[in-house]
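Subject: Structure handover

Hi,

Here is the structure I promised to pass on to you. Have a look at it first, and then read on for what I found.

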Amino acid sequence: MQIQEMELVRLLRRKDEKGFEYLYTNYAGALYGVVSRIVIDRDIADELLQDAFLKIYNKIDSFDASKGKLFTWMLNLTRNLAIDKLRSKEMSQRRKSDNVGDSVYKLDRESTPSQEDHIGVRELLNQLDENQKQVMELVYFGGFTQAEAADELQLPLGTVKTRVRSALIYFRKTLDVR
């Protein structure tokens, strides 16, 4: 069953169970892919995905179709939740107590293709030049701010901003987003 975006939004705003079932079935994989690239721990990623759907449920009335697509709105909401979690005190404490076993687990996860691949994000990322790709990996999948990415890559902040902007322009052009 295919539901058009505006119909899906209407169902979600009415708190229709069928709408949420469709939403979860069709978007959980992509949203989980984004979360799991930012937060490595699977339990926390699962928790964040659940929080994201709860937030989508509670905030669907604030979605404005004139500002962008539903998927983009959900993706930003989910990504922001994951970044907030990554920057939280709880995660800071966890990172300090990371041990070798966790590092092996991280390497294993990083070598496994993520679920965002099925929507083509990885393919698009691979079409960027290496400089843009490196910055986008840190900012959109690593949870870094642009300033943190600049520090990490030892680049001026303006260069990082330019690379992010160029990559986003390329994505928009490629995806034919207006």
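Let me start with a lysine. Leaving out residues up to four places away in sequence, K85 touches I44, E47, L48, E90 and M91. K85 sits in helix α4, which covers residues 70-87. Is K85 buried or exposed? Its relative accessibility is 16%, and buried means under 20%, so K85 counts as buried. Please keep in mind that this is a predicted model.

Now the overall picture. The chain has 10 helices and 0 strands, so to speak a plain run of α-α-α-α-α-α-α-α-α-α along the sequence. Of its 178 residues, 38% count as buried. If you take the contacts between residues at least 6 apart in sequence, 63% of them join residues at least 24 apart.

Two of the partners of K85, I44 and L48, also turn up among the buried residues of helix α3. The full set for α3 is I44, A45, L48, L49, A52, F53 and I56. This helix runs over residues 42-59, and its 18 residues reach 25 Å from the first C-alpha to the last, close to the 26 Å expected at 1.5 Å a residue. At the start of α3, the backbone nitrogen of D43 has a side-chain oxygen of D41 within 2.8 Å.

L49 is worth a visit while you are in α3, the helix where it lies. With a relative accessibility of 8%, L49 counts as buried. Which residues does L49 contact, once its neighbours within four places in sequence are left aside? They are Y24, A28, L31 and Y32. The C-alpha of L49 is also 9.6 Å from that of G29, a residue 20 places away along the chain.

Next come two helix pairs. Two packed helices are described by the angle between their axes and the distance between the axes.

The pair at the start of the numbering is α1 (residues 5-13) and α2 (residues 17-38), which pack at about 125° with their axes 8 Å apart. That angle makes α1 oblique to α2. From α1, the residues L8, L11 and L12 make the contact, and from α2 they are G19, F20, Y22, L23 and Y27. By type, these residues divide into 7 nonpolar, 1 polar and no charged.

The other pair is α8 (residues 130-141) and α10 (residues 157-175), whose axes come within 9 Å and cross at roughly 95°. The two helices are therefore roughly perpendicular to each other. On the α8 side you will find N131, Q132, V135, M136, V139 and Y140, and these meet V160, R163, V164, S166, A167, L168 and F171 of α10. This contact divides into 9 nonpolar, 3 polar and 1 charged.

Finally, a couple of backbone angles to look at. Most residues other than glycine have a negative phi. K15 is not a glycine, yet its phi is positive, at about 60°. K15 is placed in the loop between α1 and α2, and it is partly exposed, with a relative accessible area of 34%. Q154 has a positive phi too, near 55°, and is likewise a residue other than glycine. Its place is in the loop between α9 (146-153) and α10. At 73% relative accessibility, Q154 counts as exposed.

Happy browsing, and all the best!

Methods: Residues are numbered from 1 along each chain as its sequence is written. This is a predicted model: local features need pLDDT of at least 70, side-chain atom pairs count only at pLDDT 80 or more; totals for chains, interfaces and linings use all residues. Side-chain values use heavy atoms; hydrogens and water are left out. Axes are lines fitted to C-alpha atoms, for helices over the stretch in contact, and angles run from 0 to 180 degrees between N-to-C directions. Helices (H or I, at least four residues) and strands (E, at least two) are DSSP runs, numbered from the N terminus. Angles under 35 degrees count as roughly parallel, over 145 as roughly antiparallel, 65 to 115 as roughly perpendicular and the rest as oblique. Contact means heavy atoms within 4.5 Å. Ala, Val, Leu, Ile, Met, Phe, Trp, Tyr, Cys and Pro count as nonpolar, Asp, Glu, Lys and Arg as charged, and the others, Gly among them, as polar. The expected span of a helix is 1.5 Å times one less than its number of residues. Buried means under 20% relative accessible area, exposed over 50%, partly exposed in between (1.4 Å probe, protein chains only). A polar contact is a pair of N or O atoms within 3.5 Å; within protein, one must be able to donate a hydrogen and the other to accept it, and residues adjacent in sequence count only if both atoms are side-chain atoms.
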